[in-house]
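This report goes through a set of computed features. It begins with the surroundings of a ligand and then turns to annotated ranges, helix pairs and backbone geometry.

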Amino acid sequence: MNAYVGTPTSRVDGRAKVTGAAKYAGEFAADRLLHGFVVAATIPRGRIARLDTSEALRVEGVVDVLTHAHRPPLADKDEAWKDEVAPEKGSPFRPLYDDRINFNGQPIALVVAEDWETAKFAATRVRVEYDQEAFATDLESERGKAARVDQPHKPRGDAAAALTRAAVQHEADYVMPSEHHNPMELYATTAVWDGNGKLTVYDKTQGVQNVQKFLCSVFGRKRDDIRVVSPYVGGAFGSGLRPQYQVVLATLAAVALKRSVRVVLTRRQMYGLGYRPMTIEHVALGASPDGTLDAVTHEAIAVTSRFEDFSRNDTGWADQLYKSPNSRFSHKLVELDVSTPCDMRAPGAATGVCALECAMDELAVALKLDPIELRLKCYSERDQSEDLPYTSKQLRQCYARGAEAFGWDRRTPAPRSMHDGKDLVGWGMATGVWEALQMPVAVRIVLTANGHAEVSCAASDIGTGTYTIVAQVAADALGLPIENISVRLADSTLPQAPVEGGSWMAASSAHAVLGAAEDIRQELARLAKALPGSQLADLDATKVTLVDGMIASNDPNGAAVSIADVMRHSKLERIEKEKLNQFAEDKSHARNTHSAVFAEVKVDEQLGVIRVTRVVSAVAAGRILNTKTGRSQIMGGVVWGIGMALHEETMMDHRFGRIMNADIAEYHVPVNADIHDIDVIFVDEPDDRINRLGVKGLGEIGIVGVPAAIANAVYHATGKRVRRFPITLDKLLD
Amino acid sequence: MNNFQYSRARDVADAIRLLAADPAAKLIAGGTNLIDLMKENVERPSRLIDISRLPLRDIEETADGGLRIGALVPNSDLAYHPLVEQRYPLLASAILAGASAQLRNMASVGGNLMQRTRCPYFYDTATPCNKRSPGTGCSAIDGLNRNHAILGTSNSCIATNPSDMSVALAALGALVHIAGSSGQRTVALTDFHRLPDDKPHLDTNLGDGEIITAIELPPRGFARNYSYLKIRDRLSYAFALVSVAAALELEGNAISEARLALGGVAHKPWRSLEAEAALRGQAATPDHFGRAADLLLQGATAHSHNGFKIELARRAVVRTLMQAASATPQSQAHKKIA
Ligand SMILES: Cc1cc2nc3c(=O)[nH]c(=O)nc-3n(C[C@H](O)[C@H](O)[C@H](O)COP(=O)(O)OP(=O)(O)OC[C@H]3O[C@@H](n4cnc5c(N)ncnc54)[C@H](O)[C@@H]3O)c2cc1C
Ligand code: SF4
């Protein structure tokens, strides 16, 4: 029964959010709560020569100032600091661990006071002197030091030779700047001291169990000593996958002072966390005059810190999209004196596919082919890196439906050939691709005789709508109205879930709910059959459905009895089932989501001002569990893609190794005036192989392809190819 | 943020007295600029003198047909005042091009004139900046200076004044009324802000212990042929890369009076009487506008990242004058450049 799945069900947590009832990490109260304020380093590399906290300590209301030289013990092995999603190689950052400064903005002290203002004031009274060391923060000047990392994509054929012989070639560098997540909610932790060494930690995170295990290992605590809770997250976009340093500092202070402590970072301090690393993407394409690809090479050079190797798959995406007998991919890292980058929405793909899709557009121009036609000519029915078919791939439909909705057939191919008054009009398109991942998740369902069910799981809802889809799937599986379902998430004591990221949570949590609901159903069937004089005595327990509060035989003429009656007669107030759902391993198929993105820009020819007046995003992502939250998710991705194309850039002054636009007045993301029509189309994509519901996930796919579609539209409008993002108006002025 | 004392001024004289008593004190009106700078430890006043409740909130017609606007009139109230909308729509438009609705509700006229530069080094106490810490050097000259000045710069500072309102006020020939312990005085808005020279820590010619009480608009409002065009990195809620206030009086297609001011290009709103004189008596054509733009931009110099501003300013001047001449001013509500 699908009363809810696949419908535009409104968010079940919407009311709590708009009324302010939803509490975020920095909003939890505690008795005698203390407030910590971070003092951050102002140099990128060196040692703390002297750290004088005496004046700060004299400020009335200050309780303590924690530093590397004055703090409770912290684990001393790298392994202890490696969380679930830490890079394999490297030594994770340890706040207040020793006197080394590894990046600008690194925390060097935590001032703890009775109130926030006092802590903030006293922080200005902490005196620090450094032994500075030579440093480097500029990827472009350090490009020569790039070192290759293991890359999953094997070379095929001889790409270099194929390139040289190709009749038509295109080769260029595309430069993507570093970007910061800037979630609306500031990073915050309230560590509540429960007495006897136990702590409840309210943290802004995408994974409570990840943080819980991390804290236990860093502080040498037992599993039951620390509970991590994060019911609502005001945006994270990947920045909350790893435990951030404020959770360590709040816990450290609580342990040191045996009191509850809250630490909230400032916006500027959040620029000392992770970010999307700057990349220089070198793409070379070789084709025959008819538009068949002969060679693809893609090399990315990305920033990482000196202490951890963060790398994502920027380069392999061509293998998923375009047939080519020869290909070579490589990912290189340049270590700089900066903090470690981290995942940001569609990590690797948002940047790598942008470069690839701009290059494909340039190739189409060189071949005098329509950009869609080129993509259809190269369309790959198999993932070439592993030579596998897809569980489903309705990308052709995305091109067709998107083009139709956009009116692509009215496009005149020549650059500068379309006008609207003083504006040049440009139409561009690009392909998007992301992975359809799924992870083991456990869910507990407690069904009570009054017809209510509580569904609980440690997964986070980072604003994407997990509460809602869990409620939808549970309501359908249990045959209950959605109002009778309550969902509890993001408490480390709840059944197991990984961090919420990678677009895997919708499929993973939905199937975990199905698994637990299945057990509930079987239990009810067993009870129903066993009732004296049961109408369902002959029932096949595997052939029943829960619907409208009844347990019913699947046989259309079969009997049905009320669940409440079954439970009452069995003298049961509640049935509780917890189950871990594991997806059967299936390496026979590739799993991906796809999209085709179409963008219209209008460019004021003299002034260079760019407006993105229309975007159509046609997405193939299996079954859409909730068309309303799904559409929002894609729209958010499109808006962010507009930002990537036109606005976003973390600007560093490499003489100081400091980020100079560390606030949201100067770090530009799109505002309402920058956003016009966004049309989201979900293409039908039945997929009975990927999982039972045919669900793939939507978190990342919405952004992929958008920046390239806009860049290609800007080229079509102006005849100028801007390969250094963002495309600000100065790059269009002659 | 530093600790500070707080006093609420009873009247203007009290505010002046409090200022005189404590040279490190600062007036606070809407607080939208000052509080931000205090949070960043850029401003560290010993005392805040709250003037927000002083009776400086009136907008009155003057005897000669102009308008006198109290220093505490909120930016929003000023932009939406019927007399301003009817007679000085250039001013209304410039105000609405700035900040956000919430900020404009809080921001005062006096505070807007006194708002400080948005140079990122000025905001970051970990970097040298002559304006914030005289004598430490200017980080912008060889640094990130894409949004810095092209006119009137010095070797000490290349910062811009970020105010939109001031650009319109400069074009309209507004006066600033000032009160201090030695009495009252009036200066032209174009003489109110300074060029950096070798004293970039001084943004304006307001003396120690002085307070802005009002601004005054002369009768001429250019309500028919005007436009305020702001070019920025996103279509709203960003400071100007370049902005232009243009006002014309036309007889047929001939220009009888012209006003032109640039924002985002200098330490003060940039006006050139020569450029305006060159327009008088000429036909309203792109060629003449281009010549005026060249005169206005005479002496413009580029730094490493802001060279584009010279050509952008030139084109923006021509466009804005065209908008003004054709009585199709730039809308601040529509997502499009006219
Ligand atoms: C995110 C953001 C975006 C913005 N965008 C824009 C923009 O696009 N365009 C734009 O023009 N502005 C913009 N602003 C700036 C805004 O216009 C100013 O902050 C505002 O006008 C200041 O007014 P206030 O009353 O709040 O001043 P306050 O912050 O109270 O004071 C500012 C200064 O003025 C002094 N002062 C105040 N009143 C008087 C007086 N009567 N006499 C003497 N000195 C006085 C104070 O001592 C202080 O030094 C933006 C601000 C922010 C925060
Ligand atoms: S331009 Fe002026 S404000 Fe900016 S760093 Fe230089 S001196 Fe400071």
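In what follows, Ala, Val, Leu, Ile, Met, Phe, Trp, Tyr, Cys and Pro count as nonpolar, Asp, Glu, Lys and Arg as charged, and the others, Gly among them, as polar. By that scheme the shell around ligand 2 divides into nine nonpolar residues, four polar and one charged. The shell has 14 residues (a residue is near a molecule if one of its heavy atoms lies within 4 Å of it). Those that come nearest to ligand 2 are C119(B), C129(B), C138(B), C157(B) and I158(B).

The model is predicted, with local features needing pLDDT of at least 70 and side-chain atom pairs counted only at pLDDT 80 or more, while totals for chains, interfaces and linings use all residues. Residues are numbered from 1 along each chain as its sequence is written, chains are lettered from A and ligands numbered from 1 in the order in which they are written, and side-chain values use heavy atoms, leaving out hydrogens and water.

The model scores ipTM 0.97 and pTM 0.97. Chain B has a mean pLDDT (the predictor's confidence in each residue, from 0 to 100) of 97, and 100% of its residues reach 70 or more.

Two ranges carry domain annotations from unreviewed UniProt entries; such annotations may be inferred rather than shown by experiment, feature names are shortened, and positions are given in the numbering used here. Helices (H or I, at least four residues) and strands (E, at least two) are DSSP runs, numbered from the N terminus.

| UniProt domain | Range | Helix | Strand | End C-alpha atoms apart |
|---|---|---|---|---|
| FAD-binding PCMH-type | 1–222 of chain B | 28% | 17% | 44 Å |
| Aldehyde oxidase/xanthine dehydrogenase a/b hammerhead | 19–134 of chain A | 12% | 30% | 51 Å |

For helix pairs, axes are lines fitted to C-alpha atoms over the stretch in contact, and angles run from 0 to 180 degrees between N-to-C directions. In chain B, the axes of α5 (residues 89–96) and α9 (residues 165–172) come within 7 Å and cross at roughly 160°. α5(B) is therefore roughly antiparallel (over 145 degrees) to α9(B). In chain A, the axes of α12 (residues 466–478) and α13 (residues 505–530) come within 9 Å and cross at roughly 30°, so α12(A) and α13(A) are roughly parallel (under 35 degrees).

Two backbone details belong to chain A. The peptide bond from F725(A) to P726(A) is cis, with omega near -5°, and P726(A) lies in the segment after α16 (706–718). R32(A), although not a glycine, has a positive phi of about 50°; R32(A) sits in the loop between α1 (14–19) and β1 (34–40).

Definitions and conventions. Parallel < 35°, antiparallel > 145°, perpendicular 65-115°, else oblique.
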